[in-house]
Amino acid sequence: MKRQLYTADHEAFRAVVRTFLEKEVLPHYAQWEKDGIVSREVWLAAGRQGLLGLAVDEEYGGGGNPDFRYGAVLAEEFTRAGAPGLAIGLHNDIIGPYLTSLATEEQKRRWLPGFCSGEIVTAIAMTEPGAGSDLQGIRTTAEDHGDHWILNGSKTFISNGILADLVVVVARTTPEGGAHGLSLLVVERGAEGFERGRNLDKIGQKSQDTAELFFTDVRVPKENLLGELNGAFVHLMTNLAQERLAIAVAGIAGAEHLLEITTRYVKEREAFGRPLAKLQHVRFEIAEMATECAVTRTFVDRCIEEHTEGGLDAVHASMAKWWATELQKRTADRCLQLHGGYGYMSEFPVARAYTDGRIQTIYGGTTEIMKEIIGRSLLG
């Protein structure tokens, strides 16, 4: 079915993204995977190409276009290229909204130009060794010392953790328990007491630097409070729908790409003197995956439309996230199986997609959390 989501402008942008990937990303990607981190230069190249800060006002160096569909195009193309290590989606779609909607005018002028040029790489530090999706478990604290905060605690699994020049830290700013005493503090590179731990060794997305962060008596100026004091819970909940939708977009794009490459493979690969595609079991596998992808694509595209119009709620974003990512996981497993032994070889795209995509059902809120959100909305 022909997609109705994108206009000619979106497709022109898609061509720009594909050229960027071919020129600036794919020739270097194998080395980045070995290094466990992408280069600073590719972030600057992305800035020069206008891929960063799409929704940021032009006066700060951004694209001035809040249309989420451009971010969706980026997510689709990076996923299909098998290049999740350059976390532009995290930068644009997840962290960007905090800066554009919560930052003061002074903060915007201080941070957004670098955000758009690639000179400032961003991260958000929420997860802790003992607290993931449960915000009530956050132990990182920020004590009020007049004109500054003193920040203490640790975070883990932080994407862009090594490269980040600006980290939005979720910290407890009241001694009371619960999730409503949290605030967002921005810690900048070079702050005394701010240290980065290991670049964590993951099973996939190896070029995406994911780190432990440690804060020991870090002095954070009062002007680095982002949004309302003790208002982080509301701020986080407000932006989670877009984060989860962005993950869903990558999920269905990943499943579709796996289906495409596997369909080509079974047409070419022979067993028992004929192509695998002639075997009924294989045809049924492809038919089932194609149908699941088509149905999921329809729903996710509808969610994108709803979000573009400002109407996507947390429940439907959660539905899209858990369904699309679980489909991606199932499709990766089935497609690898159809590739046989070759599917287990790292040089084959299906093998890399299998390991790169496995995190999709975990970050941004696990599948179980998504189901809980949906269930609560229906059952109270």
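Begin by selecting phenylalanine 348 in this predicted model, and display its surroundings: once the neighbours within four places in sequence are set aside, phenylalanine 348 is in contact with Tyr265, His339 and Tyr342. The residue sits in the loop that runs between helix H9 (314-339) and helix H10 (349-356). Is phenylalanine 348 buried, partly exposed or exposed? Its relative accessible area is 23%, and because buried means under 20% and exposed over 50%, phenylalanine 348 counts as partly exposed.

Stay in that loop and select tyrosine 344, which also lies between H9 and H10. Tyrosine 344 has a relative accessibility of 68% and counts as exposed, because that value is over the 50% cut-off. Adding Tyr342 and Met345 to the selection brings up a nonpolar surface patch of about 360 Å², which these two residues make together with Tyr344. Tyr342 thereby appears twice on this part of the tour, as a member of the patch and as a contact of phenylalanine 348.

Next, move along to H10, where Val350, Ala351 and Asp356 are buried. To see what covers the buried residues of H10, show H7 and H9, which are included in that cover.

For a view across the model, draw a line from the C-alpha of phenylalanine 348 to that of alanine 232: the two residues are 116 apart in sequence and 42 Å apart in space.

Now turn to the interior and select Phe20, Val25, Trp43, Phe78 and Leu86, which, of the 60 residues in the largest nonpolar core, touch the most other members. Helix H1 (8-25), helix H2 (29-35), helix H3 (40-48), helix H4 (68-80), helix H7 (232-268), helix H8 (280-308) and H9 can be coloured next, since each of them supplies at least two residues of this core. Which helix gives the largest share of this core? That helix is H7, from which twelve residues come.

Centre the view on leucine 86, whose contacts, apart from neighbours within four places in sequence, are Phe20, Val25, Val38, Val42, Trp43 and Phe78. Another core, of 30 residues, lies apart from the largest one, and Leu102, Met126, Leu184 and Leu236 are among its members.

Finally, select residues 7-119, where UniProt, in an unreviewed entry, places the feature "domain: Acyl-CoA dehydrogenase/oxidase N-terminal". Over this stretch the chain is 66% helix and 0% strand, and the C-alpha atoms at its ends are 31 Å apart.

Definitions and conventions: Residues numbered from 1 in each chain as written. Predicted model: local features only at pLDDT ≥ 70, side-chain atom pairs only at ≥ 80, totals over all residues. Heavy atoms only, no water. Helix = DSSP H or I, 4+ residues; strand = E, 2+ residues; numbered from the N terminus. Buried < 20%, exposed > 50% of the residue type's maximum accessible area, 1.4 Å probe, protein only. Contact = heavy atoms within 4.5 Å. UniProt positions renumbered as here; feature names shortened; annotations may be inferred. Patch = residues over 30% accessible without salt bridge, like charges linked within 9 Å, V, L, I, M, F, W, Y side chains within 5 Å. Areas by Shrake-Rupley, 256 points an atom, 1.4 Å probe, with all protein chains shown as cover. Salt bridge = Lys/Arg side-chain N within 4 Å of Asp/Glu carboxyl O. Core = buried A, V, L, I, M, F, W, Y, C linked by side-chain atoms within 4.5 Å.
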